[in-house]
Amino acid sequence: IMSATEENLNLLLSKVMTDKFCSGEASDFDACIQHFVPQHIDGSFVDQSLQRKGLNRCGPYKEAVQRCMQDDSKHKIILRQAAKAPTCDKERKLLNTCQSTRKDCTAESTELLFCGLVHIVQARQKKLGSSATGIPE
């Protein structure tokens, strides 16, 4: 069973992965779902059958998203960026202190990654927000 922190960490990692590397695949999958899977169903056998057929038709797009999201080399890039986030000096110092005194620093590494992923998401939102308004960074 995952803790709330691990779940939030996975959600942030998924968001960053989608934004940074897998947006094309996610967009294709979303378009397929919108086009082939009935969105408003009444629970009838016919609607359920149409929904299943649509989901089956979108299977290759779903697999492409999963392959992209599970790419270890892309995970490493993002986690390295998260660990170096400029706003996470305190968390980085705590992890370094922990690593020099004990073996299990899972909580400290999780805090650093959480901080870094939040930084990446916020920086991206700020960048998208300022470019949408035409304000240079």
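With a relative accessibility of 17%, T110 counts as buried, because the cut-off for that class is under 20% relative accessible area. This residue is part of helix α7, and, leaving aside residues up to four places away in sequence, T110 touches T5 and L9. The structure in which these contacts are found is a predicted model, and its confidence values therefore deserve attention alongside the geometry, pLDDT being the predictor's confidence in each residue.

For the protein chain, the mean pLDDT is 90, with 93% of the residues reaching 70 or more. Helix α4, residues 59-69, has the highest confidence at 97, whereas helix α7, which covers residues 106-133 and includes T110, has the lowest, at a mean of 87. Over residues 133-137 the pLDDT falls below 50, and this stretch has three contacts in the model beyond near neighbours in sequence.

Helix α7 also takes part in the largest pocket, where it gives the most to the lining, with five residues. The volume of this pocket is about 180 Å³, and the elements that give two or more residues to its lining are α1, spanning residues 4-20, and α7. Going through the lining in sequence order, the reader will find V16, D19, K20, Q81, A85, P86, H119, I120, A123, R124 and K127. By residue class, the lining of the largest pocket divides into five nonpolar, four charged and two polar residues.

Definitions and conventions. Residues numbered from 1 in each chain as written. Predicted model: local features only at pLDDT ≥ 70, side-chain atom pairs only at ≥ 80, totals over all residues. Heavy atoms only, no water. pLDDT = per-residue confidence, 0-100. Helix = DSSP H or I, 4+ residues; strand = E, 2+ residues; numbered from the N terminus. Contact = heavy atoms within 4.5 Å. 1 Å grid on protein atoms, 1.4 Å probe; cavity = no way out; pocket = protein on both sides within 12 Å on 5 of 7 lines; lining within 4 Å. Points joined across faces, edges and corners; volume = space filled by probe spheres on them. Nonpolar A, V, L, I, M, F, W, Y, C, P; charged D, E, K, R; others polar. Buried < 20%, exposed > 50% of the residue type's maximum accessible area, 1.4 Å probe, protein only.
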